Amino acid sequence: MRTHRAVAALHLALSWSLAAEAQNNATFAGNLVRRDSSPVITAKIKLPLLERTATTDTAGHFQLNNVPAGRHQVTVWAPGAAPVSLEVVLLAGETYNMRI
């Protein structure tokens, strides 16, 4: 009986911990397009302090999941263009969509 209670308590604690962690994360997603609205393919969107990088697909879309909520520096490298840096604020439990 004690084993079942211990397992149940551990399961409950682990579930709560995972839920709390998920609530402190956000999704950073968007589309990288040129002035003429054509997609920028194979561009790199990087959160340098987290060492996380996304690469745009054929539609210019990128997505980074489970990013800690808060203020982040973002660097964008697009083929044939100078790198661009900007700052974003990600809110816990939300998806931040951006058109760059």
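Two strands count as paired if DSSP finds at least two bridges between them. The model discussed here is predicted.

Q: What makes S5 and S6 a pair of strands?
A: DSSP assigns 7 bridges between S5 and S6. Pairing requires at least two, so S5 and S6 qualify as paired strands, in the antiparallel sense. One residue-level example is Gln73, whose bridge partner in S6 is Glu87.

Q: What connects S5 and S6?
A: The two strands form a hairpin, with 6 residues between them. In the turn, Gly80 has a positive phi of about 80°.

Q: How do you know that S2 and S5 are paired?
A: Strand S2 (residues 44–47) is joined to strand S5 (residues 70–77) by 3 bridges. The requirement is at least two, and therefore S2 and S5 pair, running antiparallel. Lys44 illustrates the register, with Trp77 as its bridge partner in S5.

Q: In what order do the strands of the open sheet lie?
A: The sheet has 4 strands in the order S3-S2-S5-S6, and their pairing is antiparallel.

Q: Why are S3 and S6 called edge strands?
A: Strand S3 (52–55) and strand S6 (84–90) each have a single partner strand, so one side of each lacks a neighbour in the sheet. Across this sheet, neighbouring strands are turned by 25° against each other on average, direction ignored.

Q: What makes the contact of Glu87 and Arg71 a salt bridge?
A: The N to O distance between the side chains of Glu87 and Arg71 is 2.7 Å. The cut-off for a side-chain nitrogen of Lys or Arg and a carboxyl oxygen of Asp or Glu is 4 Å, so this pair falls within it. The pair links distant parts of the chain, with Glu87 in strand S6 and Arg71 in strand S5, 16 residues apart. In total, the structure holds 1 salt bridge. As a general principle, side chains of opposite charge can pair when their charged atoms come close.

Q: Why is Arg71 called exposed?
A: The relative accessible area of Arg71 is 58%. Exposed means over 50%, so Arg71 meets the criterion.

Q: Why does Glu87 count as partly exposed?
A: Glu87 has a relative accessibility of 46%. That value lies between the buried limit of 20% and the exposed limit of 50%, so the intermediate class applies to Glu87.

Q: How do you know that Phe28 and Phe62 form an aromatic pair, and what makes the pair edge-to-face?
A: By the pairing rule, the structure contains 1 aromatic pair. In this pair, Phe28 and Phe62 are 5.2 Å apart centre to centre, with 65° between the planes. The centres lie within 6.5 Å, so the rings pair, and the angle is over 60 degrees, so the arrangement is edge-to-face. Phe28 belongs to strand S1 (residues 25–31) and Phe62 to strand S4 (residues 61–68), 34 residues apart.

Q: Why are Phe28 and Phe62 called buried?
A: The relative accessible area is 0% for Phe28 and 1% for Phe62. Buried means under 20%; Phe28 therefore qualifies, and Phe62 therefore qualifies too.

Q: How do you know that S1 is mostly covered?
A: Of the 7 residues in S1, 6 are buried. Asn31 is also found in strand S1, but at 32% relative accessibility Asn31 counts as partly exposed. The C-alpha atoms of Asn31 and Asp57 are separated by 9.1 Å, although these residues are 26 apart along the chain.

Q: What makes S1 and S4 a pair?
A: S1 and S4 share 6 bridges. At least two are needed, so S1 and S4 pair, in the antiparallel sense. Within this pairing, Phe28 stands opposite Leu64 in S4.

Q: Why is Thr75 called buried, and which residues are in contact with Thr75?
A: Thr75, found in strand S5, has a relative accessible area of 9%. This is under the 20% limit, so Thr75 is buried. Leaving aside neighbours within four places in sequence, the contacts of Thr75 are Lys44, Ile45, Lys46, Pro48, Pro83, Val84 and Ser85.

Q: What describes the chain as a whole?
A: The chain has 1 helix and 7 strands, following the pattern α-β-β-β-β-β-β-β along the sequence. Of its 100 residues, 27% count as buried. The chain exposes about 6,900 Å², of which carbon and sulfur atoms supply 56%. Among contacts between residues at least 6 apart in sequence, 51% join residues at least 24 apart.

Technical notes:
Residues are numbered from 1 along each chain as its sequence is written. This is a predicted model: local features need pLDDT of at least 70, side-chain atom pairs count only at pLDDT 80 or more; totals for chains, interfaces and linings use all residues. Side-chain values use heavy atoms; hydrogens and water are left out. Axes are lines fitted to C-alpha atoms, for helices over the stretch in contact, and angles run from 0 to 180 degrees between N-to-C directions. Buried means under 20% relative accessible area, exposed over 50%, partly exposed in between (1.4 Å probe, protein chains only). Rings of Phe, Tyr and Trp (its six-membered ring) pair if their centres lie within 6.5 Å; planes under 30 degrees apart count as stacked, over 60 as edge-to-face and the rest as tilted. Contact means heavy atoms within 4.5 Å. Accessible areas come from the Shrake-Rupley method with a 1.4 Å probe; for residues, only the protein chains shown count as cover.
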